[in-house]
Amino acid sequence: MLTRRLALLAAAILILTASLGGAAKLINGAGATFPYPIYSKWFDEYRKKNSDVQINYQSIGSGGGIRQVLEGTVDFGASDGPMTDEQLAQAKTPILHFPTVLGAVVATYNVAGVDKLRLTPEALAGIFLGKITMWNDPALVKENPGVALPAQPIVPVHRSDGSGTTYVFVDYLSKVSPEWSKNVGRSTSVAWPVGLGGKGNEGVTGLVKQTPNAIGYVELVYAVQNKLSYADIKNRAGTFASPTLESVTAAAAAAAAKMPSDFRVSITDPDAPDAYPIASFTWLLVPSAIPNAETHKGIVQFLEWMLSEGQAFTKPLGYAPLPEAVVAMERPAIQKIRVGDR
Amino acid sequence: MSSNYRRRHLVERIMFGATGLATGFTVGILIFLLGFLVYQGGSSLSLDFFTHLPTPVGEAGGGMANALVGSAKLLFVAALVGIPVGFLGGVYLAEFGQGTLAFSIRYAADVLNGVPSIVIGVTVYGLVVVPLGHFSTLAGGLALGLIMIPVTLRTTEEFLRLVPTSLREGSLALGAPRWVTIVRVVIPAGLRGVTAGVLLSLARVAGETAPLLFTAFGNRFWSEGWLQPTASLPVMIFTYAVSPYDDWHRQAWAAALVLLVLVLGSNVLARLILNRGQGLRRAS
Amino acid sequence: MREVDFHGVSSTSLTRSPARMAARRPRVGGRRRWPHADRSFEFGTLAFALGVIAITLVVAGVLFHSSAAARDRYGWSFLWTSTWDPVQLEFGALPFIYGTLATSAIAVAIALPLGLLAAVCLAELLPTRLSDPLAFLIELLVAVPSVVYGLVGVFVLVPIMRSIENAVLPVLGSIPLFAGPVYGIGLLTAGVLLAIMIVPFIVSVSREVLLAVPQSQRDAALALGSTRWETVWHVVVPYARSGILGSVFLALARALGETMAVTMVIGNRPDISASLFAPAHTMAAVLANEFAEADSNLYLSALIDIAFVLFGITIVVNGIARLLIAATTNRATEVRG
């Protein structure tokens with residue numbers, strides 16, 4: 001009796017799960033969490049034009065994306081930080097980098113009564129090094145005349161998980177602070193001298209929102225969507241740049257002139273007058289040889305679409321589009337992907 | 001009444017009051033959670049949620065139909081892996097187990113239970129996903145099944161051991177061989193508790209996210225068969241909850257609510273199916 | 001048609017079993033239809049039980065193998081080093097060991113009394129009509145995904161804990177255990193959240209175990225003049241001790257390995273501090289946080305080494321708990337009639 005009932009249940013489940021998919025080609029990609037919203041928008045829009053290709057992207061982290069594309073368990077990867085030389089050396093087929101959108105890392109804070117904060121690079125580094133411990137420290141007061149900074153201890157908040165966002169942030173700090181470069185360094189995960197750790201952009205956002213007198217770093221889109229206050233940072237040209245989509249694209253445009261052919265470049269701390277100093281590309285990682293002809297066609301055509309029509313979808317979602325100069329350099333690079341064995 | 005009795009009576013009233021408070025507190029947490037989920041995600045629940053595929057942020061009409069089916073498939077595989085090993089292993093420990101061997105098995109089960117689920121996921125990744133070359137529902141179900149085993153094993157053993165020896169002796173005295181005694185007498189007598197244990201372990205893996213990230217991966221579309229990556233409710237909840245968008249946050253809460261309701265529903269269903277024919281609630 | 005006999009056993013199953021039929025026939029020389037059935041059954045179930053050991057060994061083996069680089073480099077000093085620097089590639093597990101043990105201890109210390117009392121109420125006081133649905137509801141807490149616990153923890157529990165900690169600070173702040181500063185996030189909050197997550201295991205299993213205690217035990221105690229509470233506390237609960245402790249093991253194991261929820265409320269700071277209010281880090285949390293992004297092989301190996309250490313700690317903690325139980329178990333309560 002019991003076994004009969006269980007058998008019926010099993011049969012019902014098996015029927016339910018009978019083939020539900022279509023005949024479309026499934027292409028799998030994995031990687032960075034930061035661009036997941038815009039990627040899912042793109043893959044969806046692209047599928048409307050090209051219904052025989054389904055691109056399934058999962059955000060398991062930049063490191064995860066790099067590892068899976070090296071293992072070959074996914075067709076392409078995505079990362080907020082470029083692959084290192086050691087990682088590239090492990091690849092059976094050379095992996096190509098394709099910038100897709102731009103992101104910015106902003107310093108978000110929760111201090112009562114402070115609407116707009118201006119930070120110099122030295123101040124920012126000082127806070128996260130633990131050297132500047134109070135909000136009314138002279139270094140901060142100097143750059144913020146007219147703002148009532150309270151006599152309260154600063155609570156720095158950083159990322160507890162490894163991430164491209166962290167990489168961009170500490171890459172910038174390493175460039176502007178010799179002490180940071182020597183004592184902490186740059187990586188997706190570092191030994192933070194002070195502060196609480198939040199998991200993911202949303203973890204840091206949550207911690208900053210919940211903890212009075214906190215300051216943390218998050219991707220711009222999180223700060224905007226959650227209506228957080230974020231600071232203007234003084235760039236190399238001496239202007240206090242506010243993180244907007246325009247100032248971010250300007251940072252990328254400034255770097256375009258010196259762009260290496262493999263697109264692995266850091267655009268933090270640029271020289272341009274209107275550029276936001278803590279910005280970065282995010283890349284798609286594509287093997288240069290793809291065995292399956294349909295997969296190859298799907299990826300190549302998607303990349304071409306991404307560079308032309310895809311860029312229009314970025315701003316409404318809070319991402320900065322690629323500057324024209326970079327798009328122009330990428331188009332011929334797509335041709336380097338060929339069909340063939342890994 | 002002597003003062004001694006009055007004192008003991010007072011202690012009784014206080015302690016029973018404390019138990020009531022504890023129960024109220026624990027149930028209250030669940031009610032609060034449910035209410036919180038309804039409040040945060042209720043507005044995202046619609047027919048679309050149950051029938052449509054996910055859409056990009058900002059587009060209305062998205063749903064988690066593929067995640068619902070995916071979770072069902074994953075739990076099915078998990079049950080196929082976890083229940084036989086856990087249940088039959090528990091039967092062994094309860095009926096035949098003695099000495100160092102049984103001790104080691106129990107110990108191993110407790111240790112396995114303490115392994116973080118992400119480690120199980122990584123192990124299955126190395127053993128199944130890499131050789132196969134791709135993520136799959138099978139790998140995800142296997143990881144969940146492995147996590148189920150210790151809880152199923154230990155609870156099966158505990159509840160079968162609670163079956164009074166007199167029952168076993170009576171059956172053996174009537175001439176039934178040992179295995180018949182176990183299958184026809186002991187297990188039905190202990191079925192209520194065993195069911196509770198199995199359902200507890202299924203409920204636990206229904207909400208596991210970390211092991212699925214490296215095994216079943218995830219899928220924005222329908223997953224065909226058992227060898228493709230598949231979406232699942234916990235992974236969708238996680239992905240949406242960590243995004244910056246309020247709309248997706250609400251969907252994540254809604255999905256969590258749906259997950260809980262489904263687990264509750266299957267709990268009730270399973271108990272109805274399996275516990276019919278059980279006589280008295282309490283052993284005499 | 002099933003007739004239900006006393007003890008809830010169906011009598012028809014006994015009458016129709018092949019063995020019963022065989023018993024009716026006159027037996028010569030004790031031959032049975034399936035003489036090897038018992039053996040096969042025993043070995044069959046043994047195989048599955050051994051499977052559990054096999055799986056555990058496989059996991060241990062994978063962890064051992066993948067942590068080789070870190071173990072070669074740091075050896076045993078990994079266990080007492082406090083630095084965790086992925087850039088300089090200096091790794092030590094001590095802060096994480098401390099965090100894991102502290103949060104788990106707090107969690108069990110809260111969950112055991114809470115869960116046991118609730119189980120007593122559900123099993124002894126409430127009628128089944130009420131007890132069953134309430135038990136269902138409590139078990140539902142097990143299915144709540146870890147990430148949901150974490151989010152609710154951040155939005156609801158942390159502000160509550162912050163208020164409580166701030167209120168306690170002026171009174172107890174001079175004791176190192178309660179020293180500030182107070183963030184709301186920290187060791188104590190993580191312990192409380194873990195307690196909420198593991199309490200359903202204790203309630204669910206303990207309740208079933210208490211229900212299975214024979215009524216004769218209670219009757220005997222009451223006949224001797226105990227109050228109902230004394231019956232429960234001195235007779236029923238000790239009888240069910242093994243099952244209740246088993247449920248504590250299950251709960252403890254979950255606490256040791258919990259990742260997502262803990263990482264959202266503990267502050268993820270690899271420091272050791274005497275204060276309950278301070279942020280901390282656990283082994284499972286650091287693994288979940290940094291595994292996906294570990295960019296060098298040594299870093300990855302160090303993380304797996306942490307998983308291996310956690311594995312070892314689970315073995316040790318279980319061992320200590322079992323020794324304690326063996327030392328305190330009264331043999332008389334083992335008799336089950």
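**View 1. Long-range contacts within chain C.** In this predicted model, 74% of the chain C contacts with a separation of 6 or more are made by residues 24 or more positions apart. As you trace the chain, you will meet 14 helices and two strands. Of the 337 residues in chain C, 52% are buried.

**View 2. Where chain A meets chain B.** Here 32 residues on the chain A side are in contact with 31 residues of chain B. On the side of chain A that touches chain B, two or more residues each come from α1 (2–16), β1 (25–31), α2 (36–49), β2 (53–59), α9 (200–210) and α10 (220–225) of chain A. Have a good look at α2(A), which gives the most to this side, with five residues. By class, the side of chain A that touches chain B is made up of 16 polar, eleven nonpolar and five charged residues.

**View 3. Where chain B meets chain C.** This close-up takes in 94 residues of chain B, which are in contact with 90 residues of chain C. A good place to start is helix α1 (residues 3–41) of chain B, the source of the largest share of the side of chain B that touches chain C, at 17 residues. That side of chain B has 60 nonpolar residues, along with 24 polar and ten charged ones.

**View 4. Two helices to pick out at the interfaces.** For a friendly recap, find α2(A) first, with its five residues on the side of chain A that touches chain B. Then move to helix α1 of chain B, which gives 17 residues to the side of chain B that touches chain C.

Technical notes: Residues are numbered from 1 along each chain as its sequence is written. Chains are lettered from A and ligands numbered from 1 in the order in which they are written. This is a predicted model: local features need pLDDT of at least 70, side-chain atom pairs count only at pLDDT 80 or more; totals for chains, interfaces and linings use all residues. Helices (H or I, at least four residues) and strands (E, at least two) are DSSP runs, numbered from the N terminus. A residue is buried if 20 or more other C-beta atoms lie within 10 Å of its own, exposed if 12 or fewer, and partly exposed in between; C-beta atoms are placed from the backbone. Two residues are in contact if their C-beta atoms, placed from the backbone, lie within 7 Å. Ala, Val, Leu, Ile, Met, Phe, Trp, Tyr, Cys and Pro count as nonpolar, Asp, Glu, Lys and Arg as charged, and the others, Gly among them, as polar.
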